[in-house]
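User: I have just opened this one and would like a walk through it. Could you take me along step by step?

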Amino acid sequence: MEIKTVKDLGEFECIKKISKDFIYNPKFVKLGSGDDGAVYIVPEGFDQVISTDTMVEGIHFLKSTMSPSDVGYRICAVNFSDMAAMGALPTGIVFSLALPDDLPVNWLEFCYDGIREACKKYKVNILGGDITGSKQGVVLTGTVVGIVKKRFIYYTFGSKRRGYSFCNRNGRRFRCRIDIFVT
């Protein structure tokens with residue numbers, strides 16, 4: 001049996017393959033993935049926080065040493081740790097993917113298994129995203145939105161003692177930790 005590639009399926013069929021099991025905390029979603037945009041809820045008394053991180057094949061990961069599931073989990077972990085650094089609760093995330101034509105579709109599916117695992121664990125809704133082509137390898141960008149109670153945000157810029165958030169590999173998975181010092 002021939003392995004299908006991203007090029008064989010095309011953008012919209014690839015999206016159909018991965019678009020399942022996206023909502024893990026419905027109280028923050030009015031309209032999820034599937035339209036031109038998602039609509040999410042920010043409760044009264046909270047501020048919004050947004051952050052983005054990109055992972056590039058050959059710089060942040062190698063397909064030969066990191067499973068697609070671990071790559072998916074990691075793109076979530078680095079985004080969620082940014083929320084933790086601000087004292088925020090991540091509530092939603094969108095992904096932009098640049099994929100080479102010859103990438104096997106099952107790599108994409110396994111990558112989304114890791115994404116769904118992380119989002120389910122931390123109750124973060126997958127709100128959508130975009131897929132395009134890449135001539136240089138896989139590029140994943142996650143943009144996470146979160147909430148923080150008004151006046152409770154942690155600012156590390158300009159403080160004497162900086163807060164640090166980091167994710168490290170513990171066995172097969174990444175774990176996130178936050179150490180914050182408020183001045």
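Analyst: Let me start with one residue: at 28% relative accessibility, Ile 41 counts as partly exposed, a class lying between buried (under 20% relative accessible area) and exposed (over 50%), judged with a 1.4 Å probe and protein chains only. Please keep in mind that this is a predicted model, in which local features need pLDDT of at least 70 and side-chain atom pairs count only at pLDDT 80 or more, while totals for chains, interfaces and linings use all residues. Residues are numbered from 1 along each chain as its sequence is written, and side-chain values use heavy atoms, with hydrogens and water left out.

User: Where is Ile 41 found, and what does it touch?

Analyst: Ile 41 is found in the loop between strand S2 (39-40) and S3, where strands are DSSP runs of E with at least two residues, helices are runs of H or I with at least four, and both are numbered from the N terminus. Not counting residues up to four places away in sequence, Ile 41 touches Lys 27, Phe 28, Val 29 and Lys 30, a contact being heavy atoms within 4.5 Å. The C-alpha atoms of Ile 41 and Ile 147 are separated by 9.6 Å, with the two positions 106 residues apart along the chain.

User: OK, zooming out, how many helices and strands are there?

Analyst: The protein has four helices and eight strands, and read along the sequence they follow the pattern α-α-β-β-β-α-β-α-β-β-β-β. Of its 183 residues, 40% count as buried.

User: Which strands form the open sheet, and in what order?

Analyst: Four strands form it in the order S3-S6-S4-S5, with mixed pairing, and two strands pair if DSSP finds at least two bridges between them. Strand S3 (46-56) and S5 stand at the edges with a single partner strand each, so one side of each is left without a neighbour in the sheet.

User: What joins S6 to S3 and S4?

Analyst: Eleven bridges join S3 to strand S6 (residues 139-149), and these two run antiparallel; nine bridges join S4 to S6, which also run antiparallel. Within S6, Val 148 is the bridge partner of Asp 47, Lys 149 stands opposite Phe 46, and Ile 147 is the bridge partner of Leu 89. S6 is mostly covered, as eight of its eleven residues are buried.

User: And S5, say Asn 125: buried or exposed?

Analyst: Asn 125 is buried, with a relative accessible area of 0%, and its place is in strand S5 (residues 125-133). Leaving aside neighbours within four places in sequence, Asn 125 is in contact with several residues, including Phe 22, Tyr 24, Pro 26, Thr 91 and Ile 93.

User: Switching to helices, at what angle do H3 and H4 pack?

Analyst: Helix H3 (residues 68-85) and H4 pack at an angle of about 40°, with their axes 6 Å apart; axes are lines fitted to C-alpha atoms, for helices over the stretch in contact, and angles run from 0 to 180 degrees between N-to-C directions. That makes H3 oblique to H4, since angles under 35 degrees count as roughly parallel, over 145 as roughly antiparallel, 65 to 115 as roughly perpendicular and the rest as oblique. Among the residues making the contact are Pro 68, Val 71 and Phe 80 of H3 and Trp 107, Phe 110 and Tyr 122 of H4.

User: Which strands does H4 lie across?

Analyst: Helix H4 (residues 105-122) lies across strand S4 (89-99), S5 and S6, and runs at about 170° to S4.
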